[in-house]
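Me: I have a model open here and would love to talk it through with you. Shall we look at it together?

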Amino acid sequence: MQKTKKSKFMIASGLAISMLVASGIACAEDDSMDGKKLYQGNCASCHGMNGEPTEMGKSLKPFAARNHRAIAQYVSRDELRRIITYGVKGTAMEAKKYTLDPLQIDAVIDFIKTFEYEPDLANGKARFEAVCVQCHGVDGRAQTGVGAKNLIYTKLGLEEIVHTMRYGRPGTLMDSKRHQLSNPDIADVANYVYSLRYNADHKKGKILFKENCQSCHSTAKGIKLISNAASSQTLSEIDDHTLDLRIRHGRHVHKAGKHVNKLSSDEIQDIIAYIRDELK
Ligand code: HEC
Ligand code: HEC
Ligand code: HEC
């Protein structure tokens with residue numbers, strides 16, 4: 001009697017376990033959350049299964065479908081989520097919030113994020129020379145007098161450079177390049193710009209400081225900004241661009257004279273790197 005009860009129980013629990021296992025398998029096979037399949041069913045007809053637009057996608061008006069391969073690593077999830085959820089008004093890119101739920105959109109983004117792209121720096125240079133140098137200069141130092149930023153000293157990362165190129169800076173001459181350049185061109189130019197970056201050397205800066213500044217400023221930390229009635233700031237509160245201006249054009253220049261005037265802008269970047277290091 002005892003025995004049969006026990007074996008019945010075992011059979012029952014065995015059954016329950018196998019049902020659990022079966023439903024677990026059913027869950028794993030449910031592909032409503034499979035980013036690749038969702039992409040295939042909802043996006044690939046225009047954007048291509050490998051992220052490169054199809055012939056149909058390329059023929060769309062007013063704007064062709066864009067390459068995902070080239071932006072996958074440079075556009076944030078938040079931005080992708082916004083575009084996919086709300087679409088792009090006036091284009092074939094419709095809002096997907098009616099067909100995909102937020103988790104499915106995230107699954108599609110996971111799939112897009114698997115795309116890889118090898119930037120072409122030679123193309124980046126060619127496109128930079130065609131589209132950017134009028135304001136940023138051939139060397140990227142922006143000595144053109146239109147208020148463009150020096151791209152050699154910029155602190156922006158690749159994603160932020162791409163974002164600036166895609167959307168521009170409203171209210172300035174820097175306008176959106178999204179419809180002037182393809183996504184591969186944007187990725188190539190961004191990587192080229194990134195490759196131009198001047199890597200300031202704090203060790204050189206230390207030597208330059210000793211030679212040109214120490215006679216009056218015994219330590220970098222001890223430098224006091226000349227304040228005005230409206231504000232008094234410390235060195236660590238101002239950004240590198242402002243510090244560069246203070247060194248180059250600050251009131252001390254009439255005393256420091258040739259110590260400051262003979263320095264190149266790269267040397268000033270080195271000194272700033274040294275000052276920042278000392279402030280840490
Ligand atoms: C009917 C064609 C079509 C389908 C289907 C489609 N898109 Fe688009 N998509 C476009 C077009 C056209 C654009 C370009 C809009 C523009 O130029 O602003 C675009 C733009 C985008 C962008 C912005 C790219 C960029 O560089 O700015 C993203 C991201 C995007 N689509 C994702 C998706 C995803 C994810 C799906 C599927 C869930 C999808 N699209 C389905 C046509 C389509
Ligand atoms: C018509 C002039 C003009 C052209 C052409 C132009 N830019 Fe700009 N760019 C500007 C201006 C002006 C700013 C400064 C905007 C501001 O004050 O924030 C700027 C800022 C930037 C910044 C932000 C830098 C930072 O540190 O904040 C980047 C990156 C940039 N441009 C990249 C490019 C690239 C790449 C191209 C070519 C594809 C380009 N720009 C073409 C005028 C231009
Ligand atoms: C001949 C003396 C002298 C030399 C050399 C000198 N400075 Fe100064 N500097 C001053 C004086 C004086 C001030 C005014 C503030 C004070 O009294 O501390 C000042 C102020 C500054 C300020 C604040 C400027 C402002 O507008 O707020 C900075 C930044 C600075 N110095 C950096 C440097 C650096 C970097 C060097 C070396 C490249 C240097 N100085 C060389 C005398 C000098």
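**A buried aspartate and its surroundings**

Reply: Happy to, and let me start with a residue in this predicted model: D188 has 25 C-beta neighbours inside 10 Å, so D188 counts as buried.

Me: Which helix is D188 found in?

Reply: The helices here are numbered along the protein chain, which has 15 helices and zero strands. D188 is found in helix α10.

Me: Which residues is D188 in contact with, leaving aside its neighbours within four places in sequence?

Reply: A good place to begin is L121, which is 67 residues from D188 in sequence, with a C-alpha to C-alpha distance of 5.7 Å. With neighbours within four places in sequence left aside, the contacts of D188 are P119, D120, L121, N123, G124 and R127.

Me: How many of the 14 residues of α10 are buried?

Reply: D188 has company among the buried residues of α10, including I186, A187 and V189. What covers the buried residues of α10 includes α7 (121-131) and α9. α10 is mostly covered, and its count of buried residues is eleven.

Me: What span should α10 have at 1.5 Å a residue, and how far apart are its end C-alpha atoms?

Reply: The helix has 14 residues, so at 1.5 Å a residue the span should be 20 Å. The end C-alpha atoms agree with that, being apart by 20 Å.

Me: Where do the buried residues of α9 lie around its axis?

Reply: The buried residues in α9 are I161, V162 and M165. They cover an arc of only 95 degrees around the axis, so they lie on the same side of α9. As general background, an α-helix has 3.6 residues a turn, so residues three or four places apart point the same way. What covers the buried residues of α9 includes α10.

Me: Which residue follows α9, and what is its phi?

Reply: The residue after α9 is G168. Its phi is positive, near 70 degrees.

**Three ligands**

Me: Which residues are closest to ligand 1?

Reply: The shell has 14 nonpolar, five polar and two charged residues. Two helices, α3 (44-47) and α5 (77-86), each supply at least two residues of that shell. Of the 21 residues that surround ligand 1, the closest are C43, C46, F63, R66 and M93.

Me: Which elements give two or more residues to the shell around ligand 2?

Reply: By class, the shell around ligand 2 has 13 nonpolar, six polar and three charged residues. Ligand 2 is surrounded by 22 residues, and the closest are C132, C135, A148, T154 and M174. The elements that give two or more residues to this shell are α8 (133-136), α9 (158-167) and α10 (183-196).

Me: And which residues come nearest to ligand 3?

Reply: Here the shell has nine nonpolar, six polar and four charged residues. α12 (240-249), α13 (253-256) and α14 (258-261) each supply at least two residues to the shell around ligand 3. Of the 19 residues around ligand 3, those that come nearest are C213, C216, G250, H252 and A256.

**Other parts of the chain**

Me: Is A107 buried or exposed?

Reply: The place of A107 is in helix α6 (residues 102-112). Leaving aside neighbours within four places in sequence, A107 is in contact with M33, D34, G35 and L38. Because 20 C-beta neighbours lie inside 10 Å of A107, and 20 or more is the cut-off, A107 counts as buried.

Me: What do the buried residues of α15 pack against?

Reply: Helix α15 (residues 265-279) has 15 residues and reaches 21 Å from its first C-alpha to its last, close to the 21 Å expected. In α15, the buried residues are I268, Q269, D270, I271, I272, Y274 and I275. They pack against α11 (202-212) and α12.

Me: What share of the contacts with a separation of 6 or more comes from residues 24 or more positions apart?

Reply: One pair that far apart along the chain, though at a C-alpha separation of 9.6 Å, is A107 and S32, 75 residues apart. Over the protein chain, residues 24 or more positions apart account for a share of 62%.

Me: Where does pLDDT stay under 50?

Reply: The protein chain averages a pLDDT of 90, and 90% of the residues score at least 70. Where pLDDT is low, the predicted coordinates should not be read in detail. The stretch where pLDDT stays under 50 has zero contacts beyond four places in sequence in the model, and it is residues 20-24.

Definitions and conventions:
Residues numbered from 1 in each chain as written. Chains lettered and ligands numbered in written order. Predicted model: local features only at pLDDT ≥ 70, side-chain atom pairs only at ≥ 80, totals over all residues. Near = placed C-beta within 6 Å. Helix = DSSP H or I, 4+ residues; strand = E, 2+ residues; numbered from the N terminus. Nonpolar A, V, L, I, M, F, W, Y, C, P; charged D, E, K, R; others polar. Contact = placed C-beta atoms within 7 Å. Buried ≥ 20, exposed ≤ 12 C-beta atoms within 10 Å, placed from the backbone. Expected span 1.5 Å × (residues − 1). pLDDT = per-residue confidence, 0-100. Arc of directions from axis to C-beta.
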